[in-house]
Amino acid sequence: MSEGEGMAKAPVSTLRRVVLAAIPVLIFVVLAAFLLRGLDLNPKEIPSVMIDKPVPEFSLPPLPRRDDKGLSTADLKQGQVALVNVFASWCVACRAEHPILMDLKERGIVAIHGMDYKDKPEDGQRWLEDLGDPYDLVGNDLSGRVGIDWGVYGVPETFLVSGDGRILCKQIGPITPKILRNKILPAIEAAKAGRKVTC
Amino acid sequence: MIPEIGHFALVLALVVMIVQAVIPQIGAATGRQGWMKVADMAAMTQVLLVGIAFAALMTAYIQSDFSVLNVAENSHTAKPLLYKITGVWANHEGSLLLWIFILAIYGAAVAVFGDNLPPTLKARVLAVQATVGVGFLLFILATSNPFIRLDPAPLQGNGLNPLLQDPGLAFHPPFLYLGYVGLSIAFSFSIAALIEGRVDPAWARWVRPWTLTAWIFLTIGIGIGSYWAYYELGWGGWWFWDPVENASFMPWLAATALLHSAIVVEKRDALKNWTILLAILAFSLSLLGTFIVRSGVLNSVHAFASDPTRGFFILLFLASVVGGALFLYALRAPGMKLGGVFAPISREGALVLNNLLLVAAAATVLIGTLYPLFLDALTGEKVSVGPPFYNATFVPLIAPLLATLSVGPMLPWKRGDLAGALSRLKAVFAIAFLGAVLTLWLAADVTPLSILGIVLGLWLVFGALAEFADRIKLFAIPLEKSVNRARGLPKSAWGMTLAHVGVGVMVLGITISDTWQDEVLTSARPGDTLQVAGYDLEFQKIGTVPGPNYQALQATFRVTRDGELVTMLYPSVRTFTNPPMQTTEAAIRPTLLGDIYLALGEPDGDGAYAFRLYYKPFVIWIWLGGLFMAIGGLVSLADRRHRIGAPVRRRARPAPGAAE
């Protein structure tokens with residue numbers, strides 16, 4: 001029909017038919033190029049909401065058998081670049097992420113703090129005892145109230161916080177080796193060197 | 001052990017798929033009967049193998065085998081059995097397995113029911129079908145294997161997204177997939193026709209019922225999805241132009257166009273290239289829908305499993321299947337023989353207009369869906385496209401489509417008389433005009449869109465009925481003879497009338513529920529009485545009710561009208577622990593004339609609770625209209641001429657003038 005096929009008058013030249021028949025595939029090529037580009041973009045990235053803002057005021061109680069005092073705003077303003085990892089014992093993706101955090105702790109390049117999100121303190125504690133404890137400080141956010149202030153909307157999430165307590169970077173979803181290599185480690189390096197962090 | 005059997009069956013299925021994709025194609029090209037016959041055997045073996053894999057995954061879910069990663073991530077022992085079963089396809093890996101299972105079923109159906117197809121066409125159709133299947137199986141096995149084990153196995157699973165723990169959404173995906181994948185048959189037929197280099201009416205007689213089947217499933221699937229949004233999301237809305245909703249709506253629009261253009265190929269041997277292109281587009285939009293949902297390219301509440309690696313694979317697959325098909329089209333379409341000629345004012349002309357408007361509407365939805373991506377890719381800016389865009393673009397395309405919908409069936413094939421057709425619609429026009437006057441009279445603040453909706457809705461319903469009355473010569477001949485004529489009409493004529501009435505009923509439902517909706521947003525405490533549309537709702541109490549894997553906060557309302565008890569309503573909010581999440585369960589009292597819709601909101605901490613209370617007149621007509629369309633499709637599918645064997649007999653008859 002787009003070829004003029006069937007319409008009473010229009011005798012259609014061969015060239016025209018060839019050109020018309022090629023249009024759909026050309027449109028598709030353009031579309032596919034955009035889709036390919038789209039794979040590298042993250043529509044879920046919420047650019048500027050928390051980034052470069054000071055961390056919210058909060059104070060979370062500790063887990064039962066860890067010898068720390070929980071986690072609060074002041075802990076993140078000690079002049080030391082730190083990661084804040086939001087996890088929960090009920091979260092399977094956190095289980096996948098966990099060995100990478102253990103590895104990162106072993107390398108000792110950055111302090112890692114944990115926020116046990118919407119989780120009973122006892123469950124979070126047991127989880128760390130079973131799987132290993134990569135954290136310096138851990139606060140328990142039973143109600144998820146503090147998580148809301150941080151803009152958490154799923155676990156795991158990881159924030160990179162500067163020495164003066166500003167959120168520099170945010171990772172939504174589990175840290176994979178590739179994300180660690182390409183995003184987290186360069187960001188930590190930049191933050192330590194006092195350069196501008198892009199991620 | 002069982003998961004390993006499933007995994008193994010899937011690998012075997014891939015091998016069989018490859019054989020089915022290659023051997024029959026070569027056989028058809030070189031005229032080897034034996035090679036072509038391989039397709040049938042392979043298609044049957046495949047459905048068995050994929051069936052075993054599907055059953056294996058379902059077993060793992062029913063047994064809550066958390067050593068399987070997919071089960072651990074998406075299931076939980078406390079989940080009711082129904083949702084353990086439907087949990088199989090409520091996640092990325094499982095839903096792909098369902099997709100390929102349905103593809104295998106359709107393939108086997110062609111193998112079984114396709115005995116009267118020319119052998120080369122059948123072999124090629126099945127080979128193309130298998131080519132698509134190879135891509136999907138590779139995708140599953142390489143990036144989305146549902147049978148991966150987890151060691152150590154967790155004691156408990158992650159649970160299923162509570163929004164998906166609902167009967168409506170449990171059966172929404174299978175219907176959608178039956179629709180999406182059903183379009184693969186029309187696609188395979190088109191590619192086979194391009195390879196063969198010819199299309200004849202027999203081809204269209206085959207493509208039509210398959211497209212119709214897919215279309216019915218899509219219609220039902222979209223209907224269920226939108227009804228779910230209506231009662232589950234708590235806002236009383238039923239369509240949000242969300243990317244994933246659009247992903248199912250675009251193939252529906254294309255399939256609707258395809259259904260109609262295939263009629264022209266069958267009856268008039270015209271529009272052949274266009275019909276082939278539409279079949280390719282319809283299935284491509286299905287694949288694109290899968291890509292959109294699965295790749296995370298677009299943000300959506302539905303994109304519950306998205307991953308860029310998978311996205312790349314799907315894109316590669318999409319590029320090969322769609323790009324390859326369109327490339328083949330570009331090469332072969334110019335050489336296809338042209339068909340019958342017709343005047344612009346004719347049944348064919350009306351169907352061409354229908355096609356153009358439907359395809360333009362689908363393109364509009366596509367642009368709206370992908371615009372955020374285009375803008376992000378070009379400028380880095382983030383936007384979302386909402387209802388205002390669609391009101392401004394989609395409505396102006398659909399309105400003329402609906403306006404001509406009543407006229408088209410009145411026109412004869414080849415050359416029609418527009419004035420004659422319109423004069424037979426005089427009474428319908430009068431009814432629609434009366435409707436417009438009544439709307440102006442009754443509605444407090446009426447918008448042009450409301451009037452347009454009422455006029456079009458009435459025009460459609462009575463236009464379809466008038467066409468039917470015309471056909472059985474109602475009132476022109478004795479009633480008895482009219483009834484006899486109605487009995488003698490082909491089922492496809494009944495189906496068309498039902499479906500077209502359905503469109504009108506839906507338009508009326510949409511317009512009336514929107515124009516005369518009553519909305520009360522308030523907070524209330526036990527003892528208070530809310531009022532809407534003449535009903536009194538007495539808030540009696542509120543309390544906690546335990547569910548199988550949630551706690552519900554449930555309010556009790558006594559609904560009365562003029563002191564008479566109408567019904568009790570129990571709106572509730574469910575709090576799930578695995579994963580921690582809340583869902584709204586609106587309480588609805590549906591009647592044909594209007595729904596009372598009550599949703600419970602947040603407590604104010606002081607003993608009062610927020611409520612959203614609506615009265616939505618005629619809202620159920622929206623889904624009733626959809627149901628009419630689906631039933632119309634079913635009735636038409638039951639037409640003798642669509643059945644196996646019938647096409648051969650029909651071929652002998654000369655092309656009828658005004659039948660259909």
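Is B:Arg471 buried or exposed, and what is its relative accessibility? At 16% relative accessibility, B:Arg471 counts as buried, where buried means under 20% relative accessible area, exposed over 50% and partly exposed in between, with a 1.4 Å probe and protein chains only. The views below come from a predicted model, in which local features need pLDDT of at least 70, side-chain atom pairs count only at pLDDT 80 or more, and totals for chains, interfaces and linings use all residues. Residues are numbered from 1 along each chain as its sequence is written, chains are lettered from A and ligands numbered from 1 in the order in which they are written, and side-chain values use heavy atoms, with hydrogens and water left out.

**View 1. A salt bridge within helix H16 of chain B joins B:Glu467 and B:Arg471.** The N to O distance here is 2.7 Å; a salt bridge is a side-chain nitrogen of Lys or Arg within 4 Å of a carboxyl oxygen of Asp or Glu. Because the two residues sit four apart in helix H16 (residues 448–471), about one helical turn separates them. Helices (H or I, at least four residues) and strands (E, at least two) are DSSP runs, numbered from the N terminus. B:Glu467 is buried too, with a relative accessible area of 6%. Over in chain A, salt bridges that share partners link A:Arg65, A:Glu122, A:Asp123, A:Arg126 and A:Glu129 into one network.

**View 2. Two further salt bridges of chain B are B:Glu348 with B:Arg268 and B:Asp200 with B:Arg198.** The closest N and O atoms of B:Glu348 and B:Arg268 are 2.7 Å apart. B:Glu348 belongs to helix H12 (residues 347–379) and B:Arg268 to helix H9 (residues 243–268), so this pair ties together parts that are 80 residues apart in sequence. Both B:Glu348 and B:Arg268 are buried. For B:Asp200 and B:Arg198, the closest N and O atoms are 3.2 Å apart. B:Asp200 counts as partly exposed at 26% relative accessibility, and B:Arg198 counts as partly exposed at 49%. Over all chains, the structure holds 23 salt bridges.

**View 3. Four strands of chain B make an open antiparallel sheet in the order E1-E10-E9-E8.** Two strands pair if DSSP finds at least two bridges between them. Strands E1 (518–524) and E8 (587–589) stand at the edges with a single partner strand each, so one side of each has no neighbour in the sheet. On average, neighbouring strands are turned by 15° against each other, direction ignored; axes are lines fitted to C-alpha atoms, for helices over the stretch in contact, and angles run from 0 to 180 degrees between N-to-C directions. E1(B) and E10(B) (residues 609–617) run antiparallel and are joined by seven bridges. One residue to look for is B:Ser523, whose bridge partner in E10(B) is B:Ala610. Helix H8 (residues 201–232) of chain B lies across E8, E9 (594–603) and E10, at about 50° to E9(B).

**View 4. Five strands of chain A make an open sheet with mixed pairing, in the order E5-E4-E3-E6-E7.** The edge strands are E5 (138–141) and E7 (167–172), each pairing on one side only. Neighbouring strands are turned by 20° against each other on average, direction ignored. Six bridges join E3(A) (residues 82–87) to E4(A) (residues 111–117), and these strands run parallel. In this stretch, A:Val86 stands opposite A:Met115 in E4(A). Helix H5 (residues 177–192) of chain A packs on the sheet and touches E3, E6 (157–161) and E7, its direction making about 170° with that of E7(A); contact means heavy atoms within 4.5 Å.

**View 5. Edge strand E5 of chain A is covered on both faces.** A:Val138 and A:Asn140 on one side, and A:Gly139 and A:Asp141 on the other, are all buried. E4(A) and E5(A) pair in the parallel sense over four bridges, and A:Asp116 has A:Asn140 as its bridge partner in E5(A).

**View 6. Loops of chain B hold a cis peptide bond at B:Asp151 and B:Pro152 and positive phi values at B:Ser64 and B:Leu271.** Most residues other than glycine have a negative phi, and most peptide bonds are trans. The cis bond has an omega of about 5°, and B:Pro152 is in the loop between helix H6 (119–143) and helix H7 (167–196). B:Ser64 has a phi of about 50° and is buried, with a relative accessible area of 12%. Phi of B:Leu271 is near 60°, and B:Leu271 counts as buried at 0% relative accessibility.
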